[in-house]
Amino acid sequence: MKKKSVLYLGGGGMLGVFGAGIVTSLEEENSYPYLDAVYGGSAGSFNLAYFLSRQTHFGSTIYWENLTKNFVNIKNLIPESLQIVYNRFISEIHPESMINSLNVEHAIRVVKNEKYLDIRKIKRQPIPVYVKVLDTKTGEVKFVDMKSNPLQRLREAITLEPYNFHPTQRLIDGEAISPIGIEYLLLKHPNQKIVICINYHPTEIGTKNREFRNYLDGILCSMMYPHLDLYARFRQKEEYYKNQIKKAMKEERVLLIHPPKNNPSKEYTTDPEKLKETYEMGKKAGKRVAEFLRS
């Protein structure tokens, strides 16, 4: 057998359904023997969990059957923002009283009860799996072993600030300020091919809308964690993301996978038909990844 490869799955809220399609094809193609390690950021961590437990067909339906309701609530954005200001400058709010526009606990309940994730299979799977987190005490973005505590690692990986505020939780989504991390992957795996799957088309990165949102996110996160320089990191995020994509495209041993321009889904999409269409796009891209891994 040829040298094994490394797989990275990025995040993007409901856009993670594209990555779900990718891992579904990889399971169908039995790509496990070709993988040396897998890494996930945010939604990509959920997709990898179902991939390692060999439940991708079942697990992928979470996007259009379970997360279209009670997970994303855009109406909470303004009260949530006001709550963060109040919590920072007036009086601390009890964690259970927090208003969030992203209901992380709903997603965790789904994988525990409705779309049961087989934790035992993940732990028995020989492929190492790591999820990206931000340490809110030190400001360090790092990869941690999912197998040490799968459900807790998944909760941390999708706790996306400022849309889900858990002041007592030390580790949160690291993909929000540090997408991909190609330098780490190249250094960690100097002799292997690397597949990087993102859920945005490259032309979507660096738009004025994204830069403005990062500006607002940076302000709110700097109030949530005043000891960290998150404002600057959010302001630099789009340029950083574009540079990551450029580096990935220049590296001969790296395959960059992303959705086509006509992808109908967005980060907050709750239309099941659009999500299914994006999922099928991911499955098609997954066939290309499987072929790359075998080559």
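Pro162 sits in the loop between α8 and β5, the strand at 171-173. The peptide bond leading into this proline, from Glu161, is cis, with omega near 5°. This is a predicted model, so please hear every value I give as computed from it. As background, most peptide bonds are trans, and most residues other than glycine have a negative phi.

That second point brings me to two residues in loops. Arg54 has a positive phi of about 55° although it is not a glycine. Arg54 follows helix α2, and its loop runs between α2 and α3, which is residues 56-60. Is the arginine buried, partly exposed or exposed? With a relative accessibility of 42%, Arg54 counts as partly exposed, because buried means under 20% and exposed means over 50%.

The other one is Asn70, again not a glycine, with a positive phi near 70°. You will find Asn70 in the loop between α4, residues 62-65, and α5, residues 77-89. At 58% relative accessibility Asn70 counts as exposed.

Thr68 also lies in the loop between α4 and α5. Its relative accessibility is 18%, so Thr68 counts as buried. What does Thr68 touch, leaving aside residues up to four places away in sequence? The partners are Met14, Tyr63, Thr270, Pro272 and Leu275. Keep Tyr63 and Leu275 in mind; both come up again.

Back to α2, the helix that Arg54 follows. Helix α2 covers residues 43-52, and 10 of its 10 residues are buried, so the rest of the structure largely encloses this helix. The buried residues of α2 include Phe46, Leu48, Tyr50, Phe51 and Leu52. Ser45 and Asn47 are buried there as well.

Now the cores. The largest nonpolar core has 56 residues. Which of them touch the most other members? Those are Leu7, Tyr63, Val195 and Ile257, and Tyr63 is one of the residues touched by Thr68. Helix α13 supplies the largest share of this core, 8 residues. If you want one residue to click on, take Val195. Not counting residues up to four places away in sequence, Val195 touches Val6, Leu7, Tyr8, Leu255, Ile257, Val289, Phe292 and Leu293. Apart from that core lies another one of 20 residues, among them Phe143, Ile180, Tyr200 and Tyr241.

Next, helix packing, in three pairs. Two packed helices are described by the angle between their axes and the distance between the axes.

The first pair I will show is α1, residues 16-28, with α13, residues 272-294. Their axes are 6 Å apart, at an angle of about 45°. That angle makes α1 and α13 oblique to each other, and their crossing is right-handed. From α1, the contact includes Val17, Phe18, Ala20, Gly21 and Ile22. On the α13 side, the residues include Leu275, Gly282, Gly286, Val289 and Leu293. The residues of this contact divide into 12 nonpolar, 6 polar and 3 charged. Leu275 is also touched by Thr68, and Val289 and Leu293 are also touched by Val195.

The next pair is α6, residues 104-114, and α8, residues 150-157. Here the axes are 10 Å apart and the angle is about 150°. How do the two helices run relative to each other? Roughly antiparallel, because the angle is over the 145 degrees used as the limit. α6 passes α8 in a right-handed crossing. The meeting residues are Val104, Glu105, Ile108, Val111 and Lys112 from α6, and Leu151, Leu154 and Arg155 from α8. They divide into 5 nonpolar, no polar and 3 charged. α8 is also the helix before the loop that holds Pro162.

The last pair is α10, residues 208-224, and α12, residues 237-250. Their axes come within 9 Å and cross at roughly 130°. That makes α10 oblique to α12. α10 contributes Arg210, Glu211 and Asn214, and α12 contributes Lys237, Glu238 and Tyr241. The contact counts 1 nonpolar, 1 polar and 4 charged residues. Tyr241 of this contact also belongs to the core of 20 residues.

Technical notes
Residues are numbered from 1 along each chain as its sequence is written. This is a predicted model: local features need pLDDT of at least 70, side-chain atom pairs count only at pLDDT 80 or more; totals for chains, interfaces and linings use all residues. Side-chain values use heavy atoms; hydrogens and water are left out. Axes are lines fitted to C-alpha atoms, for helices over the stretch in contact, and angles run from 0 to 180 degrees between N-to-C directions. Helices (H or I, at least four residues) and strands (E, at least two) are DSSP runs, numbered from the N terminus. Angles under 35 degrees count as roughly parallel, over 145 as roughly antiparallel, 65 to 115 as roughly perpendicular and the rest as oblique. A crossing is left-handed if the near helix is turned anticlockwise from the far one by less than a right angle, and right-handed if clockwise. Contact means heavy atoms within 4.5 Å. Ala, Val, Leu, Ile, Met, Phe, Trp, Tyr, Cys and Pro count as nonpolar, Asp, Glu, Lys and Arg as charged, and the others, Gly among them, as polar. A nonpolar core is a set of buried Ala, Val, Leu, Ile, Met, Phe, Trp, Tyr and Cys residues joined through side-chain atoms within 4.5 Å. Buried means under 20% relative accessible area, exposed over 50%, partly exposed in between (1.4 Å probe, protein chains only).
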